[in-house]
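Below, a two-party exchange goes through some of the terms used for a protein model. Each answer sets a value against the rule behind the term.

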Protein chains: 2
Amino acid sequence: MAFLKVIPLEEALKVVLSFELPVKVEEVDLANALGRIVAEDVYSPTDVPPFDRATVDGYAVRAEDTFMASEASPVKLKVVGEVHAGEVPSIELGKGETVYISTGAMLPKNADAVIQFEDVERVNDEIIIQKPAYPGLGVMKKGADIEKGKLLIKKGTKLTFKETALLSAVGIHKVRVFKRPRVAVISTGNEVVLPGQELKPGQIYDINGRAITDAVNELGGEGIFIGIAQDNRDSLKELIERAIEVGDLIILSGGASGGMRDLTASVIEELGEVKVHGIAIQPGKPTIIGIVKGKPIFGLPGYPTSCLTNFTLLIAPLLLKSLGREGKVKKVKAKLKHKVFSVKGRRQFLPVKLEGNIAVPILKGSGAVTSFIDADGFIEIPENVESLDEGEEVEVILFSF
Amino acid sequence: MAFLKVIPLEEALKVVLSFELPVKVEEVDLANALGRIVAEDVYSPTDVPPFDRATVDGYAVRAEDTFMASEASPVKLKVVGEVHAGEVPSIELGKGETVYISTGAMLPKNADAVIQFEDVERVNDEIIIQKPAYPGLGVMKKGADIEKGKLLIKKGTKLTFKETALLSAVGIHKVRVFKRPRVAVISTGNEVVLPGQELKPGQIYDINGRAITDAVNELGGEGIFIGIAQDNRDSLKELIERAIEVGDLIILSGGASGGMRDLTASVIEELGEVKVHGIAIQPGKPTIIGIVKGKPIFGLPGYPTSCLTNFTLLIAPLLLKSLGREGKVKKVKAKLKHKVFSVKGRRQFLPVKLEGNIAVPILKGSGAVTSFIDADGFIEIPENVESLDEGEEVEVILFSF
């Protein structure tokens, strides 16, 4: 068993990304697709618009008939009919002819321009034109907006109302999306109780269970909270076995004490294999990475900020990969509000709050719930660095997916 | 009937914000609260932590017992027991006594510091201390993280995993959230068909129905797509009546042609009252605002970009207000990529794409679907302005809620 043999973050991440989560795809109706993640590149099956289309209310003409029009010598065209949106024009324009056309309607054969009705004078069944129309005036050509075969949406895209509208525009009403990977979440600790239960002396409410479950949900997975394991082998084993049944991936958090961390590692080793126990980062040194019955299992630190930092560093990349969203951990550049210190030889991650493009370090300590609640993300202080200066440019990894 | 009597945007907005949507509140379990909007300020019912808590594994001491400790003259304390997380310590520390304590455990009476076990030497039932401990070392005091009665979450907050974690931390498992206002959506036009149906010559697929429905869903409402009305009085009336039955607010879009817009206004006037028909903005001039059976009803332009711009300008503020989120339309500052022109006397809104803090105007024309799909939002070119310069600072109203 790899027992607290610390390895670099990059090596740990290599182990994590070597895991394969089952990729399952389902087809959903466009009406239920919002927020889902597209499982394949989507190409347009059609031209938009699918025909040359009037973009104004007016008169469809053969532009060449109007080339000689001027105020001094207007051109007259004969109105031979009308065509409305949704209709197929039965008329073919002859020389000197025009039809009334409404916005959105299909241009009749031979017409290549539409003059707005405000720009002509209508007298009985004739219109009088004082200015030439160029071919394409008042017309959106077939495929001008979206060409048939165009790549519309890339695999891994999270569907917002803009993408569902785009799919609607090309007539797609069913879309293949990734099934949400199922992530089973366990909290641990004798002192930890569920919200809604009575708090006895010495007890605290569970935070990580809800935090991880909902972070998974936001990321596009399905977080399933299993429960709280007591600080003993039987309870841990029972909950891990239940988690293995329902989850594609299992996340434990806590216990806070050294003895409890060892117990978690030992139970995972009994049920499967511990691949990593110890990462050379702060917080996160005692993080456990293992595999049980082919399913990745993680033991994260108990302090909420440490727990969520390690979730973001180690687990989010795997979940995103399984959703076709490699490298989509969100990062922004910012300038540090004030100098921060670290210990040489310690690779540290520090929560920060963003105020515009200023990163304000949160120095309450990882034990405080509020430090992760207030944080928009965290920055890295590398191993060989003892401090970062005020105004220094930093990369903020966001607590947001 | 206020028939195409154009009024300024601010006046139209005043009419809109005078409408009251029914405010309904429901209580949901914390497990189902992600993404919902909190209906009242939430205060902490408890202290976090609820007791003085060890933040390390080590020895709980009376700090004053250690004040004289030095390498030259170490202090010895007697280990009189141990206390683990979740337990209520039965021991009261006497002078010269200590107990082993694990992270997260409650401090025994009289203890006010915890020394990490790595920092002492243990010999049988004694520990040897070479350095003074200050009161508070290794301890998180009761309420230090969150004080009982503290405002945790403001009314109108959209719950992310950080807020659900925070509620969990204070033991709240049920939360009062706004019911999503029901918005009934109707598309109009003889040429418009639903995605998934066969496209006959002259027809196009509906875009606005899906776009508005899902924009409402993203904003925190419940979008309900009613269907596509044909360009005639009976069809329009039938769908509006159906929409009134299910929706708290009704949105129509299209038809593209002038005649169709007049028909919509006339049908709304028959069923209720047209309050506004015509706003001095481009796009959006023919927008209709009315009320039918006490329910606000909007007629938006047919072109998708125009439609969504007017949705964002006029309807989003009302929906946000009803969710306790006044003024939460999202705006960012950016610099214009290149010069853009407008017509003097025309108050124009122009879609832009954001590249970092650069706003790139999208000049495909409002008829193109792709112009709103590509856009992150839009900028305003005021009435008395004929152009905005390259590099000029602009405010971008985001297509995102």
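Q: Which residue is the bridge partner of A:K335 in strand 24 of chain A?
A: The partner is A:I358. The model is a predicted one, where local features need pLDDT of at least 70, side-chain atom pairs count only at pLDDT 80 or more, and totals for chains, interfaces and linings use all residues. Residues are numbered from 1 along each chain as its sequence is written, chains are lettered from A and ligands numbered from 1 in the order in which they are written, and side-chain values use heavy atoms, with hydrogens and water left out.

Q: What makes strand 21 and strand 24 of chain A a pair?
A: Two strands pair if DSSP finds at least two bridges between them. Strand 21 (residues 331–336) and strand 24 (residues 358–361) of chain A have two bridges, in the parallel sense, so the pair meets the rule. Strands here are DSSP runs (E, at least two residues), helices are runs of H or I with at least four residues, and both are numbered from the N terminus.

Q: How do you know that strand 23 of chain A also pairs with strand 24 of chain A?
A: Four bridges join strand 23 (residues 348–355) to strand 24 of chain A, and the two run antiparallel. One of the bridge partnerships is A:V352 with A:P361. The two strands form a hairpin with two residues between them, and A:G356 in the turn has a positive phi of about 65 degrees.

Q: What is the strand order of the closed barrel in chain B?
A: The order is 21-24-23-25-27, five strands with mixed pairing. Neighbouring strands are turned by 50 degrees against each other on average, direction ignored. Within the barrel's chain, strand 23 (residues 348–355) and strand 25 (residues 377–381) pair in the antiparallel sense over five bridges, and B:L350 has B:I379 as its bridge partner.

Q: Why are strand 16 and strand 18 of chain B called edge strands?
A: The open sheet of six strands in chain B has the order 16-13-17-20-19-18. Strand 16 (222–229) and strand 18 (273–277) of chain B each pair on one side only. Strand 16 pairs with strand 13 of chain B in the parallel sense over seven bridges, with B:S187 and B:I228 as bridge partners.

Q: What makes the contact between A:R53 and B:E191 a salt bridge?
A: The rule asks for a side-chain nitrogen of Lys or Arg within 4 Å of a carboxyl oxygen of Asp or Glu. The closest N and O atoms of A:R53 and B:E191 are 3.7 Å apart, so the pair qualifies. A:R53 lies in strand 3 (residues 53–54) of chain A and B:E191 in the loop between strand 13 (182–188) and strand 14 (192–193) of chain B, so the pair joins two chains. A:E191 and B:R53 also meet in a salt bridge, at 3.7 Å from N to O. The count between chain A and chain B is two, and the structure holds 36 over all chains.

Q: How many residues of chain A are in contact with chain B, and how is contact decided?
A: Contact means heavy atoms within 4.5 Å. On that rule, 66 residues of chain A touch 66 residues of chain B.

Q: What area do chain A and chain B bury between them?
A: They bury about 5400 Å², 64% of it on carbon and sulfur atoms. Buried area is the accessible area (1.4 Å probe) that two parts lose on being put together, summed over both. In chain A, A:F161, A:K162 and A:R210 lose the most area to chain B, together 13% of what that side buries.

Key
Axes fitted to C-alpha atoms, helices over the stretch in contact; angles between N-to-C directions.
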